[in-house]
Amino acid sequence: MRIGILLFEGVEELDAVGPWEVLASWAAAHPDEAEVVAFAREAGPVRAAKGLGLVAEHGMADVGPMDVLLHPGGRGTRPLLKDEEHLAWLRDRRATVPLLTSVCTGSLAYAAAGLLAGRPATTHWSAIDTLTDLDPTIEVRPGYRFVDDGDTITAAGVSAGIDMALHLVARLAGTERAKETRHYIQYDPAPPV
């Protein structure tokens with residue numbers, strides 16, 4: 001199972017790094033089951049939304065085949081909604097990648113590419129109206145942590161990506177594997193406030 005996590009200028013840190021932690025922990029414990037790669041338009045450094053520097057090991061041209069594509073969100077998604085090259089690339093991935101996933105406003109890019117038409121989806125609470133504006137046929141599900149619609153999974157904002165990634169492990173490798181991963185990363189949400 002080869003999972004690609006897209007990085008871009010202005011990506012929300014936890015949108016990418018939260019699922020990375022879940023999925024890479026699974027892959028590290030079971031390398032025969034999964035591989036996780038980070039990529040961007042071009043290989044190299046990417047500055048995230050709050051200033052964290054990330055490094056994409058691959059570019060879009062050389063990332064190779066993927067079984068799962070994860071498109072994070074963040075303020076950097078806004079320019080991508082009008083970037084015809086990016087939207088065409090996403091449409092091409094729909095034909096070759098069995099499972100498209102997103103975190104936060106990553107779903108806006110899928111909507112702008114026409115990939116969520118008539119489907120249920122979610123996004124960050126502050127972008128629900130934008131998702132509807134991009135495609136009024138989307139069955140927007142505010143309040144959902146994630147929405148699994150078969151070959152597409154969209155997650156709400158930021159920390160919801162961790163929940164979606166654990167769901168992804170359960171879906172691809174079974175509930176016990178997801179519980180093992182959850183235990184390893186010591187993920188047991190109990191907010192102090």
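**Figure 1. Charged side chains and overall build of the predicted model.** The protein carries 17 positive and 27 negative side chains, and the centres of these two sets are 3 Å apart. The model shown is predicted. Seven helices and eleven strands make up its secondary structure. The radius of gyration is 15 Å, close to the 16 Å given by the globule rule for 193 residues, so the protein is as compact as a globular protein of that length. Taken along the principal axes, the box filled by the C-alpha atoms is roughly 40 × 40 × 35 Å.

**Figure 2. Surface, burial and contacts of the whole protein.** About 8900 Å² of the protein is exposed, and carbon and sulfur atoms supply 55% of this area. Of the 193 residues, 53% count as buried. Among contacts between residues at least 6 apart in sequence, 61% join residues that are at least 24 apart.

**Figure 3. Helix 1 and the elements that cover its buried residues.** Helix 1 runs over residues 13-29. Its 17 residues should span 24 Å at 1.5 Å a residue, which agrees with the 24 Å between its end C-alpha atoms. Buried residues of this helix include Glu13 and Asp15, as well as Pro19, Val22, Leu23, Ser25 and Trp26. Among the elements that cover the buried residues of helix 1 are strand 1 (2-6), strand 2 (35-40), strand 6 (68-71) and strand 7 (99-103). Helix 6 (160-173) and helix 7 also take part in this cover.

**Figure 4. Helix 6 and the residue that follows.** Helix 6 has 14 residues, and the distance from its first C-alpha to its last is 20 Å, close to the 20 Å expected at 1.5 Å a residue. Its buried residues include Ala160, Gly161, Ile162 and Asp163, and also Met164, Ala165, Leu166, Leu168 and Val169. Helix 1 and helix 7 are among the elements covering the buried residues of helix 6. That cover also includes strand 6, strand 7, strand 10 (146-148) and strand 11 (152-155). Gly174, just after helix 6, takes a positive phi of about 105°.

**Figure 5. Thr181 and its contacts.** Thr181 belongs to helix 7, which covers residues 175-184. The relative accessibility of Thr181 is 3%, so this residue counts as buried. Neighbours within four places in sequence aside, Thr181 is in contact with Val22, Ser25, Trp26, Leu166 and Val169. Of these partners, Val22, Ser25 and Trp26 are buried residues of helix 1, while Leu166 and Val169 are buried residues of helix 6.

**Figure 6. His86 and its surroundings.** His86 sits in helix 3, residues 84-96. At 1% relative accessibility, His86 counts as buried. Arg41 is 45 residues away from His86 along the chain, and their C-alpha atoms are separated by 8.7 Å. Not counting residues up to four places away in sequence, His86 touches Leu6, Arg41, Met60, His71, Leu80 and Ala109.

**Figure 7. Thr101 in strand 7.** Thr101 is part of strand 7 and counts as buried because its relative accessibility is 0%. In sequence, Thr101 and Thr152 are 51 residues apart; in space, they are 5.6 Å apart from C-alpha to C-alpha. Leaving aside neighbours within four places in sequence, Thr101 contacts Val68, Leu69, Leu70 and His71, among others. Further contacts of Thr101 include Tyr110, Ile153 and Met164, of which Met164 is a buried residue of helix 6.

Key. Residues numbered from 1 in each chain as written. Predicted model: local features only at pLDDT ≥ 70, side-chain atom pairs only at ≥ 80, totals over all residues. Heavy atoms only, no water. Helix = DSSP H or I, 4+ residues; strand = E, 2+ residues; numbered from the N terminus. Rg over C-alpha atoms; globule rule 2.2 N^0.38 Å. Buried < 20%, exposed > 50% of the residue type's maximum accessible area, 1.4 Å probe, protein only. Contact = heavy atoms within 4.5 Å. Areas by Shrake-Rupley, 256 points an atom, 1.4 Å probe, with all protein chains shown as cover. Lys, Arg positive; Asp, Glu negative; His and termini not counted. Charge placed at Lys NZ, Arg CZ, Asp CG, Glu CD. Expected span 1.5 Å × (residues − 1).
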